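Student: Before we look at the details, could you take me through this structure slowly, giving the reasoning behind each term you use?

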Amino acid sequence: MAVSRRTFLTFAAGSAALLGLTSCGLVGGGEASGTGDKTIKIIVTESAPSQEPTKIAQKLLAEKGWKLDATYVTDIVQPNHVVSNGEYDANFFQHGAYLEQFKKDQNVDVDPAFYMYSSPAGVYSKKYDSIKELPNGATIALPVDTANNGRALALLDKAGVLKVTPNKSVIRLSQNDILENPKNFKFVEVDQQSLSKTLPDVDAGFLFARLGAEIGLNPDDALLFEKEEEALPYINIIGAKPGFMDTEKGKVLEEAYHSDEVKQVVRRLP
């Protein structure tokens with residue numbers, strides 16, 4: 001199993017396509033959105049897979065006379081609200097499934113502006129070396145947010161240690177869909193940014209690859225890990241208000257994030 005599972009994706013015709021990005025050069029000159037505003041405000045999650053590409057994008061944009069004003073946060077709720085209300089132009093912290101569910105729950109006006117990379121995940125443990133070793137009554141940590149809650153359940157079902165509602169989209173799965181739990185696993189729901197901190201206190205836990213990397217774990221250490229095709233609903237995106245990609249700000253931001261320089265850095269990330 002490869003340690004690096006980050007696949008770049010471009011946003012074309014409203015759908016994701018598995019394509020290697022090419023550097024096409026930043027748009028230069030002219031006025032941003034016809035107003036002379038050359039500052040793009042973006043709110044970004046405080047983790048290397050988002051920070052490092054952003055810093056490179058800042059440098060590339062600065063060379064073309066643009067300022068990428070980035071704010072780094074650990075919060076996964078406010079970034080969509082502040083883009084929706086116009087405080088920020090864009091955000092970089094979430095995958096498509098999370099945004100889809102968040103829009104239903106919170107009624108925010110944010111769409112995928114363009115795609116970045118896949119974000120696979122798995123079930124890890126600090127105490128056990130295989131899923132079969134999990135004891136009766138084992139405690140397993142799950143993400144509390146709806147869009148990610150069922151991912152571990154789907155993996156446990158596939159491994160044959162749990163049964164969930166068949167033929168239901170993983171994005172919609174929850175504990176309510178558990179049909180059979182022969183080992184009486186207990187599940188605790190945790191904010192996704194805290195899952196890596198929770199792992200030592202539970203028997204197993206669901207982690208995004210990037211969170212696992214932050215505590216020295218890679219996909220080969222996982223008890224169960226998603227295949228690339230299983231992670232397709234969880235492609236990381238840049239989010240923005242509808243119409244943003246029709247502006248010069250949107251175009252230059254995509255070109256910076258889809259540059260060869262960013263591509264090379266993300267390939268080295270876990």
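Tutor: Let us begin with a pair of strands in this predicted model. Strand 3 (residues 39-45) and strand 4 (residues 67-73) run parallel and are joined by 7 bridges.

Student: What makes strand 3 and strand 4 a pair?

Tutor: Two strands pair if at least two bridges are found between them, and strand 3 and strand 4 are joined by 7 bridges, so by that definition they count as paired. One of the bridges can be followed residue by residue, since Ile43 has Thr71 in strand 4 as its bridge partner.

Student: Which elements make the β-α-β unit, and which hand does that unit have?

Tutor: The unit is made by strand 3, helix 1 (residues 48-63) and strand 4, and it is right-handed. It is called right-handed because, with the strands pointing away from the viewer, the path from the first strand over the helix to the second runs clockwise.

Student: What is the strand order of the open sheet of 5 strands?

Tutor: The order is 11-8-12-7-13, and the pairing is mixed. Strand 11 (186-190) and strand 13 (224-225) stand at the edges, because each has a single partner strand and so has one side without a neighbour in the sheet. Within this sheet, strand 7 (residues 121-124) and strand 12 pair in the antiparallel sense over 4 bridges, and Ala121 stands opposite Phe208 in strand 12.

Student: Phe208 is a residue I would like to follow further; where else does Phe208 appear?

Tutor: Phe208 is among the residues that line the largest cavity, together with others including Ile76, Tyr98, Asn148 and Arg210. A search of the whole structure finds 2 cavities of 30 Å³ or more, and about 80 Å³ of space lies in the largest. Strand 5 (residues 90-95) gives the most to this lining, with 3 residues, and the lining residues divide into 4 nonpolar, 6 polar and 1 charged.

Student: Why is the 1 residue called charged, and which residue of the lining is meant?

Tutor: Asp, Glu, Lys and Arg count as charged, and Arg210 is in the lining, so Arg210 is the charged residue there.

Student: How do you know whether Phe244 is buried or exposed?

Tutor: Phe244 has a relative accessible area of 8%, and buried means under 20%, so Phe244 is called buried. Phe244 lies in the loop between strand 14 (235-240) and helix 8 (248-257), and, leaving aside residues up to four places away in sequence, it touches Asp89, Ala113, Lys249, Gly250 and Leu253. Phe244 and Ala113 are 131 residues apart in sequence, yet 7.1 Å apart in space, C-alpha to C-alpha.

Student: Why is Pro200 called partly exposed?

Tutor: Its relative accessible area is 45%, and partly exposed lies between the limits of under 20% for buried and over 50% for exposed, so Pro200 takes the name in between. Pro200 is in the loop between helix 6 (195-198) and strand 12 (204-208), and it touches Lys126 and Lys127, again not counting residues up to four places away in sequence.

Student: How much of the chain counts as buried?

Tutor: Of the 270 residues of the chain, 50% count as buried. Helix 5 (residues 151-158) offers an example, where the buried residues are Arg151, Ala152, Leu153, Leu155 and Leu156.

Note on methods. Residues numbered from 1 in each chain as written. Predicted model: local features only at pLDDT ≥ 70, side-chain atom pairs only at ≥ 80, totals over all residues. Heavy atoms only, no water. Helix = DSSP H or I, 4+ residues; strand = E, 2+ residues; numbered from the N terminus. Buried < 20%, exposed > 50% of the residue type's maximum accessible area, 1.4 Å probe, protein only. Contact = heavy atoms within 4.5 Å. 1 Å grid on protein atoms, 1.4 Å probe; cavity = no way out; pocket = protein on both sides within 12 Å on 5 of 7 lines; lining within 4 Å. Points joined across faces, edges and corners; volume = space filled by probe spheres on them.
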